[in-house]
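This report describes one protein chain, beginning with a single side chain and then turning to the chain as a whole. Please consult the sequence and the structure shown here while reading.

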Amino acid sequence: MMHAQFDPQARERLAIQVVDAKMRKDLSWQELADVTGLSVAFVTAALLGQHPLPADASDAVTGLLGLDEDAALLLRTIPSRGSAPNGVPTDPTIYRFHEMLQVYGTTLKALIHEQFGDGIISAINFRLDVRKVEDPDGGSRAVITLDGKYLPTKPF
């Protein structure tokens, strides 16, 4: 049976334990995802408190991290989602995504509505991918793919 967690601090405390154990064991997010068979983006989000993990995945990850059964059980709960509780984020990396939406949000909305009609892009039926590619002009570029199912607005 699925259970919901209504205390966001419980998952925040667990995320701190996960990051600490990950660092102490010198593991990557990809190595943690590999033991689950799930995507690195989904597992990372789950371990940072944004998704529940299936039982086998939570057992595998907590085993690798050396965390107890209570941690595995908590990783299975449906969290209270959201990672920017104070409005505008202050972390520079997260803020840049906020900035991107401030600059391109209306453009994304206009293009989505023109191509799909009135509706939204799901963050539930969703895939995320982050890749590092070389920039022909030097340095690196981040290629971020946000792949959400379109859900039309339905008159009632």
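## A charged residue in its setting

Is Arg11 buried or exposed, and how far away is the nearest side chain of opposite charge? In this predicted model, Arg11 is buried. The nearest side chain of opposite charge is that of Glu12, at 10.0 Å, and Arg11 has no salt bridge. A salt bridge requires a side-chain nitrogen of Lys or Arg within 4 Å of a carboxyl oxygen of Asp or Glu.

Arg11 belongs to helix 1, which covers residues 8-24. A polar partner for the Arg11 side chain is found in the backbone oxygen of His51, at 2.9 Å. His51 also appears among the residues in contact with Arg11 once neighbours within four places in sequence are set aside. The others are Gln5, Ala46, Gly49, Gln50, Leu74, Leu75, Thr77 and Pro79.

## Architecture of the chain

The chain contains six helices and two strands. Read from the N terminus, the order of these elements is α-α-α-α-α-α-β-β. The C-alpha trace extends over about 50 × 50 × 30 Å along its principal axes.

Among contacts with a separation of 6 or more, 52% join residues 24 or more positions apart.

## Burial, surface and charge

Of the 156 residues in the chain, 26% are buried. The exposed area of the chain is about 11,100 Å², and 58% of this comes from carbon and sulfur atoms.

The chain carries 15 positive and 20 negative charges, whose mean positions lie 3 Å apart.

Terms used. Residues are numbered from 1 along each chain as its sequence is written. This is a predicted model: local features need pLDDT of at least 70, side-chain atom pairs count only at pLDDT 80 or more; totals for chains, interfaces and linings use all residues. Side-chain values use heavy atoms; hydrogens and water are left out. Helices (H or I, at least four residues) and strands (E, at least two) are DSSP runs, numbered from the N terminus. Buried means under 20% relative accessible area, exposed over 50%, partly exposed in between (1.4 Å probe, protein chains only). Contact means heavy atoms within 4.5 Å. Accessible areas come from the Shrake-Rupley method with a 1.4 Å probe; for residues, only the protein chains shown count as cover. Lys and Arg count as positive and Asp and Glu as negative; His and the chain ends are not counted. The place of a charge is taken as NZ of Lys, CZ of Arg, CG of Asp or CD of Glu. A polar contact is a pair of N or O atoms within 3.5 Å; within protein, one must be able to donate a hydrogen and the other to accept it, and residues adjacent in sequence count only if both atoms are side-chain atoms.
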